[in-house]
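Biologist: I'm new to this one, so could you show me the structure and let me quiz you about the labels people put on it?

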Amino acid sequence: HHKRLIAISNAVLENLRTDERGGALVKAIDSLADYVRYHFSAEEELLHLYAYPGIDAHRERHTELSQQVNNMQRRILKGDRPSEAEFKHLFESWIIHHVLGEDKAYGAYLNSKGIY
């Protein structure tokens with residue numbers, strides 16, 4: 001899932017750089033918003049299934065990240081194009097803080113339950 005999120009995020013970034021008309025950018029941000037919903041739902045279901053003790057805080061973080069993506073999606077749909085730096089900030093905060101930090105923590109928990 002995380003590799004797919006990164007690939008879609010990279011497509012958004014690339015389209016911010018190159019898609020002057022915005023059609024491909026709209027498709028990319030729509031794909032990102034859709035995949036974020038799917039990924040967070042699947043992840044939360046797994047955490048619930050294995051009674052992850054930090055699930056409530058993790059769910060709250062997902063809500064925050066979803067809102068950020070949805071806000072950016074709405075802006076792009078209105079024609080308000082964010083800067084590359086603005087999108088990179090969102091993207092990097094996910095990768096560095098959420099995926100490599102918060103998701104790594106639940107990974108260790110699931111591994112302790114025999115899930116690899």
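Modeller: Sure, and keep in mind that this is a predicted model. Let's begin with the packing of helix 2: its buried residues pack against helix 1 (2-18), helix 3 (55-77) and helix 4 (84-112).

Biologist: Which residues of helix 2 are the buried ones?

Modeller: The list includes Leu25, Ile29, Leu32, Tyr35, Val36, Phe40 and Leu47. There are charged names in it too, among them Glu43 and Glu44.

Biologist: And how do you know that the length of helix 2 fits what's expected?

Modeller: Helix 2 covers residues 23-49, 27 residues in total, and at 1.5 Å a residue 39 Å is expected. From first C-alpha to last, helix 2 reaches 39 Å, close to that value. After helix 2 comes alanine 51, with a positive phi near 55 degrees.

Biologist: What about helix 4: what span should its 29 residues have?

Modeller: They should span 42 Å at 1.5 Å a residue, and the end C-alpha atoms are 39 Å apart, which agrees. Helix 4 also has a kink of about 35 degrees, centred on histidine 98. His98 is one of the buried residues of helix 4, along with others including Phe87, Trp94 and Tyr106. Those buried residues pack against helix 1, helix 2 and helix 3. Glycine 114 follows helix 4, and its phi is positive, near 90 degrees.

Biologist: Why are helix 1 and helix 4 called roughly antiparallel?

Modeller: Their axes cross at roughly 170 degrees and come within 10 Å. Angles over 145 count as roughly antiparallel, so helix 1 and helix 4 get that label.

Biologist: Which residues meet there?

Modeller: From helix 1, the set includes Leu5, Leu13, Leu16 and Arg17; from helix 4, it includes Glu84, Phe87, Phe91 and Trp94.

Biologist: Let's zoom in on glutamate 84, then. Why is glutamate 84 called partly exposed?

Modeller: Glutamate 84, which sits in helix 4, has 32% relative accessibility. Buried means under 20% and exposed means over 50%, so at 32% glutamate 84 counts as partly exposed.

Biologist: What does glutamate 84 touch, leaving aside neighbours within four places in sequence?

Modeller: Leu13, Leu16 and Arg17. The C-alpha atoms of glutamate 84 and asparagine 15 are separated by 9.6 Å, though these two residues are 69 apart along the chain.

Biologist: What makes the link between glutamate 84 and arginine 17 a polar contact?

Modeller: The cut-off for a suitable pair of N or O atoms is within 3.5 Å. The side chains of glutamate 84 and arginine 17 are joined at 2.9 Å, so the link counts as a polar contact.

Definitions and conventions: Residues numbered from 1 in each chain as written. Predicted model: local features only at pLDDT ≥ 70, side-chain atom pairs only at ≥ 80, totals over all residues. Heavy atoms only, no water. Helix = DSSP H or I, 4+ residues; strand = E, 2+ residues; numbered from the N terminus. Expected span 1.5 Å × (residues − 1). Buried < 20%, exposed > 50% of the residue type's maximum accessible area, 1.4 Å probe, protein only. Contact = heavy atoms within 4.5 Å. Bend = angle between axes of the 7 residues up to and from the residue. Polar contact = N/O pair within 3.5 Å; in protein donor to acceptor, adjacent residues only side chain to side chain. Axes fitted to C-alpha atoms, helices over the stretch in contact; angles between N-to-C directions. Parallel < 35°, antiparallel > 145°, perpendicular 65-115°, else oblique.
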